[in-house]
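These are my notebook entries on the strands of this model and on what packs against them.

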Amino acid sequence: MIAMIRPLFVALLVALSSTSVFARLKIPFGEREVLNKVHDLPDTEEFKVEHGNFMDLATFHKEFNIAYFLPLYVTEEPKLVGYDAQSDTYYDIPQDQLDAILAAEKLNKEDLNKLSFYTRYGGKLVALLIIGAMIWGVIPSKKEEEVGPTNV
């Protein structure tokens, strides 16, 4: 079974590495900004922002990413910000105001301001698996020695 998978994997790798496929397929990569909503603040006048929307709390960080789902490393550590999900806008909140919001909502800053395991380490593991699979697919397998009939 493995003997059949290797040629298919190599053929797929060769087909995908041709220049005509790469010319059409553009995989986005590079640094990107990521906002993750972490707490829904009450919809009161205190948290009202532009256009009548209400602010929530989110983490903001920058990461080097491939194809939007493979974060390789974090370039800027997460920080808590105000976040308007409807307009996809974030607001830097001064530290004293942020501390007041956290105290009023009885929230722990360290619990809110952290990254998931996949964002921190999972992307690296997936990238290593992909590179390992590519190397494994390129290395030729060892052929089994043929056993011939013996004369007794």
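I looked up strand β2 (residues 56–66) and strand β3 (residues 70–84), which pair in the antiparallel sense over 10 bridges. Strands here are DSSP runs of E, at least two residues long, and helices are runs of H or I, at least four residues long, numbered from the N terminus; two strands pair if DSSP finds at least two bridges between them.

I noted that the model is predicted: local features need pLDDT of at least 70, side-chain atom pairs count only at pLDDT 80 or more, and totals for chains, interfaces and linings use all residues. Residues are numbered from 1 along each chain as its sequence is written, and side-chain values use heavy atoms, with hydrogens and water left out.

Within this pair, I found F64 opposite Y73 in β3. In the hairpin of β2 and β3, 3 residues lie between the strands, and A67 takes a positive phi near 60°.

I then turned to the other partner of β2: β1 and β2 are also antiparallel, over 10 bridges, with V34 opposite H61 in β2.

For the whole sheet, I recorded 4 strands in the open order β1-β2-β3-β4, with antiparallel pairing. β1 (29–39) and β4 (89–91) each have a single partner strand, so one side of each has no neighbour in the sheet.

Last, I checked the packing. Helix α5 (residues 117–138) lies across β2 and β3 and runs at about 155° to β3; angles run from 0 to 180 degrees between N-to-C directions, with axes fitted to C-alpha atoms, for helices over the stretch in contact (heavy atoms within 4.5 Å).
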